[in-house]
Amino acid sequence: MRILMRNAQVEYWISRIDKDSPLFQSLQLLEKRKARGSLQLTESFETDELVTYLDMAERVDAGTNISGTEQYPGIMLGPCYKNVSLPGDIFELLREYYDDLYEVQHSISPSIVQFGRLRLGSEIYGATISSRYEKKSYIRAKFLAQRDNTVDVYPGQVQFFFQHVIGSTTYHLAYVQWYRPHQTRRFDLALANEDEACGAEIWQQEFYPTSRDCIIPIQMILSWFVPYSMEFTSKNRKYKVLVIILINKRFHI
């Protein structure tokens, strides 16, 4: 914030300098300080590439064909493990992914490059293979139901990110476990003795069985969320649900 305020002040005084003034020759002394850290990341990705990515991630419909090869405003980050061989069951899911995507059989290798983090714009996503960043492994993504072409957003937990190569093409993918929906998808939360309430999204704490949908292009990721376990009592029976606390993207356009 201090850097932003300083840059604003610099721009104000520069705008008031007469070009005939000797001070005009010294403007290089008033150059903006370069942004660092998260501010630098934000500046780096305020581009048309980011706008294109956001549009692609938001628009999932019958005509969408995101494959994992599209450009995105970010990069996969370590920990990185090269020449990792996928377990047999996950390798079969990858085969199904390509079959659904291209409707043709491909001869593919089980070897991948595995990553523990992903940067999208100024946001960092984690995965369970890296316990240090596991709290950022909870994501939301859009899915298109083939039976009726309806679109819904599902929460899940990233197990790992990976790159897979077929020929000269590199695919940027994620292996995700998805949560089951709860019979009551939304309810209102409020503090005791408070009139104002906010809507909350609840899901079961159980994952769907492993399926082809567990492999997605990273370009489908919408945002991340904070999970919260809440216990209810109904008809003398206690049960737990997963409350989804949404976190807005920190993209700046």
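Read along the sequence, the protein chain runs through its secondary structure in the order α-α-α-β-α-β-β-β-β-β-β-β-β-β, which comes to 4 helices and 10 strands. The structure is a predicted model, and the mean pLDDT of the protein chain is 76, with 63% of its residues reaching 70 or more. Over residues 35–46 the pLDDT falls below 50, and this stretch has 12 contacts in the model beyond its near neighbours in sequence. Of the 253 residues in the chain, 40% count as buried. Among contacts between residues at least 6 apart in sequence, 66% join residues that are at least 24 apart.

Strand β2, which spans residues 111–120, was examined together with its partners. Of the 10 residues of β2, 8 are buried, and the strand is therefore largely enclosed by the rest of the structure. Strand β1 (residues 74–85) is joined to β2 by 8 bridges, the two strands running antiparallel, and within this pairing Ser85 stands opposite Ser111 of β2. The pairing of β2 with strand β5 (residues 151–166) is likewise in the antiparallel sense and extends over 3 bridges; here Val113 has Gln163 in β5 as its bridge partner. With strand β3 (residues 123–126), β2 forms 4 bridges, again in an antiparallel arrangement, and Leu120 is found opposite Glu123 of β3. The hairpin of β2 and β3 has 2 residues between the strands, and in this hairpin Gly121 adopts a positive phi near 60°. As a general point, the side chains of a regular strand alternate between the two faces of the sheet.

Beyond β3, the chain enters the loop that leads to β4 (138–144), and Ser130 has its place in this loop. The relative accessibility of Ser130 is 7%, and because buried means under 20%, Ser130 counts as buried. When residues up to four places away in sequence are not counted, Ser130 touches Pro79 and Gly116. Of these two residues, Pro79 falls within the range of β1, residues 74–85, whereas Gly116 falls within that of β2, residues 111–120.

A further set of contacts was found around Arg180, which lies in strand β6 (residues 169–189). Arg180 has a relative accessibility of 27% and so counts as partly exposed, the limits of that class being 20% and 50%. Leaving aside neighbours within four places in sequence, Arg180 is in contact with Trp203, Gln204, Glu206, Phe207, Tyr208 and Pro209. For one of these residues, Phe207, the C-alpha atom is separated from that of Arg180 by 5.6 Å, although the two residues are 27 apart along the chain.

A search of the whole structure for internal space finds 1 cavity of 30 Å³ or more. The volume of the largest cavity is about 40 Å³, and its lining is made up of Arg95, Tyr98, Asp99, Gln105, His106 and Ile108. By residue class, this lining divides into 2 nonpolar, 2 polar and 2 charged residues. With Tyr and Ile counted as nonpolar, and Asp and Arg as charged, the nonpolar residues of the lining are Tyr98 and Ile108, the charged residues are Arg95 and Asp99, and the polar residues are Gln105 and His106.

Methods: Residues numbered from 1 in each chain as written. Predicted model: local features only at pLDDT ≥ 70, side-chain atom pairs only at ≥ 80, totals over all residues. Heavy atoms only, no water. 1 Å grid on protein atoms, 1.4 Å probe; cavity = no way out; pocket = protein on both sides within 12 Å on 5 of 7 lines; lining within 4 Å. Points joined across faces, edges and corners; volume = space filled by probe spheres on them. pLDDT = per-residue confidence, 0-100. Contact = heavy atoms within 4.5 Å. Buried < 20%, exposed > 50% of the residue type's maximum accessible area, 1.4 Å probe, protein only. Pairing = 2+ DSSP bridges.
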